[in-house]
Amino acid sequence: MRRTALPQTLSPRAALLFVNGFRGLLLLVLFTLSLLSGGDGLPMIEGGPRFYLWSGVYLLLIAVWFLVREGRLGHTLQLTLAIAADIAMMVWLMAMNDGIHGGFGLLLLPYLAAAGLLSTGRYALFYAAIATLALLCYSGLEHWLGLARPSDLSYSALLASACFVTAIATWQLGRLARASEALAVQRGGEIANLNHLNELILQSQRDAVVVLDEDGRLRQFNLQAERYFAGLQRGSPLPELLPLVRRWRDDGCPALATLVQQNVRGRQLVGRLVPVPVGELRGVVLFLRDMADMAEEAKRVKLAALGRLTANIAHEVRNPLSAIRHAADLLAEDESDPTRLRLFGIVQDNTRRINGMVEDVLTLGRRDRVRREAIELAPFVGQLLEQFSLSHPGAAGAVACELSDGCRLSFDRDHLAQILGNLLANAWRHGSRGPGSVRLQAGVADSVLILRVIDDGPGVSEADQARLFEPFFTTESAGSGLGLYIARELAEANDARLDYSPPGGVFRLICHQAHD
């Protein structure tokens, strides 16, 4: 997206400096002409002491205007004094060079033009009036001294008219220029704000947005696009998307949006191609998303809805389940009937299983209630293994711990206990249940803490690995299929990651270290 630069304005002080530069240049040209001779052998400008006096006075005025340009005098006052002095100096120069007929009176016009551009209407007329008054005074002095020619009055009138016309015309041009400049500044600010807004909208897009011209060169992209394409650089071609642009161009550059898909570095990208067929930017805008990301997002939405549904069902199941267990306990009080006791055992086992599933579902519904803290791993694991030995008596002393020194992680204590307890239970269930058959390792790699729970069992088959963390997937008839799914959800709630690392039974919990 192009950024439009705001117009650079010329400040009043800078404008006065520019006019002062013109004065210096004019003085240099006139001084040079005074040293040159015309075709008749006479100087092109009447020189001598009078001209050098005039040059010295004008040079002094130029120096004064240069020094006071940053002073406390207002812009209008500085301009008025400077133009009045310029008019006086030009009339003086005209008097030294054949009067009104010498042509030097025309040098009044550039100063009046500059004054008209830099001032408002009434001041422009005021400066023209000063020039007219100076010309009339000079003509009147010539008549009084008897030096005037018959045509001097008409020449003076024409020159005075030219002064007023120049002042009025340049004032109007200056007014239009200032209005245009103000409008340009306003429009520039609006365009800058619009560009900033467009940039925010572009970067907030969940799709990867890529803007290409008709030759396939990259014009704009957002942060999401950097995930899919390596080394993005504006003005460079994007080889992965060139086939899409060529196809659009070969079809005659249609103006209708089309659905596209393209394989980019192993990612299957799908999206829309929206043409920009007119204007300065002729090309296409591509909105792309990874199909794997879309599938994962759909899965998360589905699982979130399923979690809410099952949590509501779980709340409703607990009440009748409690009633069933209570009724079964009452039936069990009569121990005279063996058949009744056997049926009571079946009821008890299944109610415990259903209650476990309800507890798992309710735990899943509370995954957003995270209270993270810095946990010293060694004492935490010691307490965890003591509790694990109570629920699995044969596991006492059979779990080997290999913990690096100073392992500290940032995690919710209850969540970590549930995750590791679930992994240890799975490892104990699928391992040989001998000494050292289950190992708990912890170490730091690449600035992250990695916990591994390893068993000596056969591991998970390749066919089941893809579904290992899916809800309600289990390979045991007595399992609920929610243990590993809940463990991964709790890990993600703590900005950690739980995965399975074949071969063998190796589960990894990758989480953040806790810093002092």
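A residue is called buried when its relative accessible area is under 20%, exposed when that area is over 50%, and partly exposed in between. The legends below apply these terms to a predicted model.

**Figure 1. Overall view of the predicted protein.** The protein consists of 516 residues, and buried residues make up 38% of them. Its secondary structure comprises 14 helices and twelve strands. Among contacts with a separation of 6 or more, 64% join residues that lie 24 or more positions apart in the protein. The protein exposes about 28,900 Å², of which carbon and sulfur atoms supply 59%.

**Figure 2. Close-up of helix α14, residues 483–493.** This helix is mostly covered, with eight of its eleven residues buried. Which residues of α14 are buried? They are Leu484, Tyr485, Ile486, Ala487, Glu489, Leu490, Ala491 and Ala493.

**Figure 3. Close-up of Asp495, which follows helix α14.** The backbone angle phi of Asp495 is positive, with a value near 60°.

**Figure 4. Close-up of two cysteines, Cys137 and Cys163.** Is Cys163 buried or exposed? Cys163 has 0% relative accessibility and therefore counts as buried. Cys137 has 49% relative accessibility, so Cys137 counts as partly exposed. A disulfide is a covalent bond that joins the sulfur atoms of two cysteines. With a disulfide taken as a pair of cysteine sulfur atoms within 2.5 Å, the count is zero disulfides.

Conventions: Residues are numbered from 1 along each chain as its sequence is written. This is a predicted model: local features need pLDDT of at least 70, side-chain atom pairs count only at pLDDT 80 or more; totals for chains, interfaces and linings use all residues. Side-chain values use heavy atoms; hydrogens and water are left out. Helices (H or I, at least four residues) and strands (E, at least two) are DSSP runs, numbered from the N terminus. Buried means under 20% relative accessible area, exposed over 50%, partly exposed in between (1.4 Å probe, protein chains only). Contact means heavy atoms within 4.5 Å. Accessible areas come from the Shrake-Rupley method with a 1.4 Å probe; for residues, only the protein chains shown count as cover.
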